[in-house]
2 protein chains.
Amino acid sequence: MTVEQTAARPVGRRRDPERDAAIVQATLDVLAETGYEGMTVDMVASRAKAGKATLYRRWPSKAHLVVGAIASLTETNVTLSDVPDSGSFTADLATMKKASGHSNIGLKMQILAGLTPSLASDPELAAIIREQLIAPRTTLMRGLLLRAVERGEIAPDRDLDALALIVPSMMFYRCAVLGQPVTLESHQSLIDEILLPAVGLRP
Amino acid sequence: MTVEQTAARPVGRRRDPERDAAIVQATLDVLAETGYEGMTVDMVASRAKAGKATLYRRWPSKAHLVVGAIASLTETNVTLSDVPDSGSFTADLATMKKASGHSNIGLKMQILAGLTPSLASDPELAAIIREQLIAPRTTLMRGLLLRAVERGEIAPDRDLDALALIVPSMMFYRCAVLGQPVTLESHQSLIDEILLPAVGLRP
DNA sequence: CATAAGCGATACTCGTCAGTATCGGAACCC
DNA sequence: GGGTTCCGATACTGACGAGTATCGCTTATG
């Protein structure tokens, strides 16, 4: 009203960025345990020791909160340029595994499993999940496969798109349908027992 | 009270068994479209052109209705004895495909996808689904793989349990995560492009 | 110190849904 | 025809959850 206000001039107590982190982490935890439909905003608030007002001051709805929390998961995505050509497909795979957070692969699978029916009913959520969470991993694997084809390790007529889906598909099925834990060991086992034979390499 | 009533003597109008079929089919349809959490009993009733009282006269709760509808899906399960040894792994696979209903593979995948988060939160439902719907298929595939090992088509040191999961895992991922249709063609493509190379056979 | 905003906590509104009750009518048995 | 049960339809009850409002307190600016 009066005159210019060049920069946003915050008045009063400022938002505590630590609350964001606590709320996002609580959202991911509850999401993994109960799924999207089973998760309530009150669960997240009490898990984060926050008031509901604090949540709704930062995210306008439950859906936005979940999308935001998932977006934070993708910040550590690995791309093809993070995996220097190490001379062989199996060595590239090992490098990729090291470069990936290493950490929360089981958590991600459980979150994805809890989101599944919502993917079919909510196209916006589905688009975000597929672009942010799914596509980067698949693209990376296809890149490694393409390198292996160029090296001559893999026959050039193989369907790289299908091959790139083997490992994520089988980890997801193990978690979502069989209810078995997804660990780094089970991941490695899938690579050795299924992926490498499927592309025509022996470990 | 009075005296014996040796057999159940039905008095009054009898239940219409056709209503059972309509309600079960409506349940499966709604389940595939919306998932367990998104499905309401009113949706099923109106889809089946039935009153809610008719549903609750036959099933005591929404959970029992869903379990019953799924049980009806398993009546056409194929077992190893339905697939005579045809001399080669690929021929056995083709026989199995013919013997299976051929029909509603996409519907089953969508139903399973809509049930996913409930599998993690409801152990009873999970046990029924895994025993009735999942295990029979996996067991059949493992049986065919074992035959192939005995024939010498497949190396004896391969992990048959893991190999048996390739096709269902990748069909489920395609449906539940990627949101792409699961058809007989995509099923065959998985067999030719992934399963056969993984076991060391070329189509 | 006065004003302004964030904080956790709690109570409230409002729509939705599982399950129940009731209705008029139809099918079945004696 | 009388009694009983099924049928579809509709209204009702009670619980639960998303989103809003408010309270007393704290943290910042000036």
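**Notebook: two protein chains and two DNA strands**

I began with A:Ile166 and looked up its contacts: leaving out residues up to four places away in sequence, A:Ile166 touches A:Ile194, A:Leu195, A:Ala198, B:Met170 and B:Ile194. I note at the outset that the model is a predicted one.

**Entry: the nonpolar core**

I next asked which residues have the most contacts inside the largest nonpolar core. They are A:Ile166, A:Met170, A:Phe172, B:Ile166 and B:Phe172, in a core of 97 residues. I recorded the general tendency beside this: in soluble globular proteins, nonpolar side chains tend to be buried together.

I then turned to A:Leu190, which is found in helix α10 of chain A. Is A:Leu190 buried or exposed? I found 24 other C-beta atoms within 10 Å of A:Leu190; 20 or more make a residue buried, so A:Leu190 is buried. Beyond its neighbours within four places in sequence, A:Leu190 is in contact with A:Val167, A:Met170, A:Met171 and A:Leu195. One of these, A:Leu195, is also touched by A:Ile166. I also checked A:Leu190 against A:Thr90, which lies 100 residues away along the chain, and found their C-alpha atoms separated by 13 Å.

**Entry: chain A as a whole**

I looked up the secondary structure of chain A and found 10 helices and 0 strands. Along the sequence the pattern reads α-α-α-α-α-α-α-α-α-α. The radius of gyration of chain A is 21 Å, whereas the globule rule gives 17 Å for 203 residues; chain A is therefore more spread out than a compact globule. I noted that its C-alpha atoms fill a box of roughly 70 × 45 × 30 Å along the principal axes.

Of the 203 residues in chain A, 31% are buried. I also looked at contacts within chain A between residues at least 6 apart in sequence, and 61% of these join residues at least 24 apart.

**Entry: where chain A meets chain B**

How many residues of chain A are in contact with chain B? I found 31 residues of chain A in contact with 31 residues of chain B. On the chain A side, α1 (17-38), α6 (105-121), α7 (123-151), α9 (166-176) and α10 (184-199) are the elements that give two or more residues. Helix α6(A) gives the most, with 8 residues. By class, this side of chain A divides into 19 nonpolar, 9 polar and 3 charged residues.

I then examined how the two chains are related. A rotation of 180° with 0.0 Å of shift along its axis superposes chain A on chain B, with an RMSD of 0.0 Å. I recorded this as the relation of a two-fold axis. The same surface serves both copies, since 100% of the contact residues of chain A recur in chain B. Which residue of chain A comes closest to the rotation axis? I found A:Ala198 there, with its C-alpha at 1.9 Å. A:Ala198 is also among the residues touched by A:Ile166.

**Entry: the DNA strands**

I looked up DNA strand C and found 26 residues surrounding it, the closest being A:Gly12, A:Gly51, A:Thr54, B:Arg13 and B:Thr40. Helix α3 of chain A, together with α2 (41-47) and α3 of chain B, each supply at least two residues of the surface near strand C. The most come from α3(A), with 4 residues. I counted this surface by class as 7 nonpolar, 6 polar and 13 charged residues.

For DNA strand D I also found 26 surrounding residues, and the closest are A:Arg13, B:Gly12, B:Arg13, B:Gly51 and B:Thr54. Here α2 (41-47) and α3 (52-58) of chain A and α3 (52-58) of chain B each supply at least two residues. The greatest contribution to the surface near strand D is that of α3(B), with 4 residues. The classes near strand D are 7 nonpolar, 6 polar and 13 charged.

**Entry: Lys49 in both chains**

Lastly, I checked the loop between α2 and α3 of chain A, where A:Lys49 lies. A:Lys49 has a positive phi of about 50° although it is not a glycine. A:Lys49 is exposed, with 11 other C-beta atoms within 10 Å.

In chain B, I found B:Lys49 in the loop between α2 and α3 of that chain. The phi of B:Lys49 is likewise positive, near 50°, in a residue other than glycine. B:Lys49 is exposed, with 10 other C-beta atoms within 10 Å.

Terms used:
Residues are numbered from 1 along each chain as its sequence is written. Chains are lettered from A and ligands numbered from 1 in the order in which they are written. This is a predicted model: local features need pLDDT of at least 70, side-chain atom pairs count only at pLDDT 80 or more; totals for chains, interfaces and linings use all residues. A residue is near a molecule or strand if its C-beta atom, placed from the backbone, lies within 6 Å of it. Ala, Val, Leu, Ile, Met, Phe, Trp, Tyr, Cys and Pro count as nonpolar, Asp, Glu, Lys and Arg as charged, and the others, Gly among them, as polar. Two residues are in contact if their C-beta atoms, placed from the backbone, lie within 7 Å. Copies are superposed by least squares on the C-alpha atoms of residues with pLDDT of at least 70 in both. A nonpolar core is a set of buried Ala, Val, Leu, Ile, Met, Phe, Trp, Tyr and Cys residues joined through C-beta atoms within 7 Å. A residue is buried if 20 or more other C-beta atoms lie within 10 Å of its own, exposed if 12 or fewer, and partly exposed in between; C-beta atoms are placed from the backbone. The radius of gyration is taken over C-alpha atoms; the globule rule is 2.2 Å times the number of residues to the power 0.38.
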